[in-house]
Amino acid sequence: NIEWKEIQRDEEKPQQQTYDSDKSEIVYKQIPFNKLTEGEQLGKYVSVPVLISGKGDTPYAVPLDILATCPSGQASAQKKCSACVLPKCGFNKKFVMSSESVVDMTGMAKTRLNKEIKTRIGIPNNCNQPKLKVKYSTVEKLVVVPTVDVKDDIGDSMYRHHRIYHISGGEPIKENVAFRISGKIIGDPKDNKFTLAGIKADPLDGDVFSYKFSHESHEELKQALWTDCDNHSEVIWRAVKDLRDHVLYKYGQDTMIMVEWLSWFMPFQFNIGQYRCHKICPEVMILGPTRVGKSTMAQDLSVHLGAGRYADCGANTTFVGLIGGNADVGSTRVFTWGLIPTSHGGVVVLDEYNKLSYDVMGGLTNQKSSGVAERVTNSGVRKTKAFVRYLTLCNPRGRKQLGSYATPIDAAIEVVGTPQDLARIDFLYIVKPVKDTSIFNEFHAPEVDHRYTQEIARYHLKWAWSLNKDKIKFSNPKYVLD
């Protein structure tokens, strides 16, 4: 006969437990997106800002909580009970699967799933006496990219896809929306690639779109911009010199600095008197020869302002990559939104724009006009908002020299395709090469003090991006229209 001995639950725990501690007690370390694949983060609980660029069509039902009881085992002693975990728990135990276990069981066939549950909680597979009450979680495979805010990813604004899992109680998670996902970094059981088993998804707060008025910061901004300046023109050129001398170090190109800097601040809609401008996606194009600093200037401004996405159109850029479509992510093929819609509300810098095919440029026309990205897929029509500020940097097409054209406008028309396409661009700036290149090799003492710091510049941008058509006022609409 088997003699049963009652054991207090806090004195002995099942040796085959696979559940986590109470998730409410977990402390998540905040990390930037570019730390998701660092080896030292493996196995750690983290919180990371991401933007959901795509997800699978149908979520998976995966066991999360299991209540195991065995009335028959408790009523009669059986030899096979010695191999079971339940006698050690008083024949009544609740198990919570770890995030690794949930990810591992995602996509498993139901017949195999039942055996897997028993194995993981320590019940012999050949015993059908225990009663299992299973609570399922909803697991979605998500494809994420960095958010528009690159403040925490300084030096690495690289746009790339990353596959993660989101474990929830069934709450829907929207595409093309930024979240702070909290969970555990693990090796994917399918291929051991870095992934995140996310168990919390909170709205992103404190990013470049989360403007909160601060009297102190506003005063610092006013002091930085307006001290020793009498009008708006002086304010702009004083800030340009500040950026040139302390951030960009590009000399002989003050006007280009002004054009690139102001492209970050273009509004989507505004009123002028009784008229309303509906320019959804404002666009600035800078056309000029190579080696004048167009690209590095844009990247440095992105870092200083803490926002903006950069893409090199010379790297076989496709319409799927820019707008969205079915893409290979690991061994799976999923629909993901591209660079432009996932930059909704922000800035996209398209470098080497002259190398983009006319077909791809033509495909962007509807998005630029409507502010909506749209794709027709096997599962139906997908739409998402895509209000984007464009900064396009280009050289003349086909290695031609700018001087070989009758006018710079002819060179710009050849870049975009037709005069009608050029007419959609709000501002075209033609860069002239610096005649005296010795200016690049000389030491330049700062002409102004550094007041437009990274902190103030970021507050400036957050304030500007918070303004909508009802908050933008012109003191003299007639002057603007004239």
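How many bridges join β15 to strand β18, and do they run parallel or antiparallel? In this predicted model, β15 and β18 (residues 389–394) run parallel and are joined by 4 bridges. Within this pairing, Val 347 has Arg 389 of β18 as its bridge partner.

## The sheet around β15

Strands β15 and β18 belong to an open sheet of 5 strands, in the order β12-β15-β18-β11-β19, with parallel pairing. At the edges are β12 and β19 (427–430), each of which pairs on one side only. Between neighbouring strands of this sheet, the turn averages 15°, with direction ignored.

As a general point, the strands of a sheet pair through backbone hydrogen bonds, and the pairing is either parallel or antiparallel. On the β12 side, 4 bridges join strand β12 (residues 309–312) to β15, and the two run parallel. Here Arg 309 stands opposite Val 348 in β15.

## Strand β15 itself

Is β15 enclosed or open to the outside? Strand β15 covers residues 347–351, and 5 of its 5 residues are buried, so the strand is largely enclosed by the rest of the structure. A residue counts as buried when its relative accessible area is under 20%.

In a regular strand, side chains alternate between the two faces of the sheet. In β15, Val 347, Val 349 and Asp 351 point one way, while Val 348 and Leu 350 point the other way. The residues on both sides are buried, Asp 351 among them.

## The β11 and β19 side

Strand β11 (residues 283–287) is joined to β19 by 4 bridges, and these two strands run parallel. One facing pair is Leu 287 and Ile 430, the latter in β19. Helix α11 (residues 408–416) packs on the sheet and touches β11, β18 and β19. The direction of α11 makes about 115° with that of β11.

## Two packed helices

Another packing involves helix α4 (residues 215–226) and helix α5 (residues 232–248). Their axes are 8 Å apart, and the helices pack at an angle of about 90°. Angles from 65 to 115 degrees count as roughly perpendicular, and α4 and α5 are therefore roughly perpendicular to each other.

Which residues make the contact? From α4 they are Ala 224, Leu 225 and Trp 226, and from α5 they are His 232, Val 235, Arg 238 and Ala 239. Sorted by class, the contact of α4 with α5 has 5 nonpolar, 1 polar and 1 charged residues.

Methods:
Residues numbered from 1 in each chain as written. Predicted model: local features only at pLDDT ≥ 70, side-chain atom pairs only at ≥ 80, totals over all residues. Heavy atoms only, no water. Buried < 20%, exposed > 50% of the residue type's maximum accessible area, 1.4 Å probe, protein only. Pairing = 2+ DSSP bridges. Axes fitted to C-alpha atoms, helices over the stretch in contact; angles between N-to-C directions. Contact = heavy atoms within 4.5 Å. Parallel < 35°, antiparallel > 145°, perpendicular 65-115°, else oblique. Nonpolar A, V, L, I, M, F, W, Y, C, P; charged D, E, K, R; others polar.
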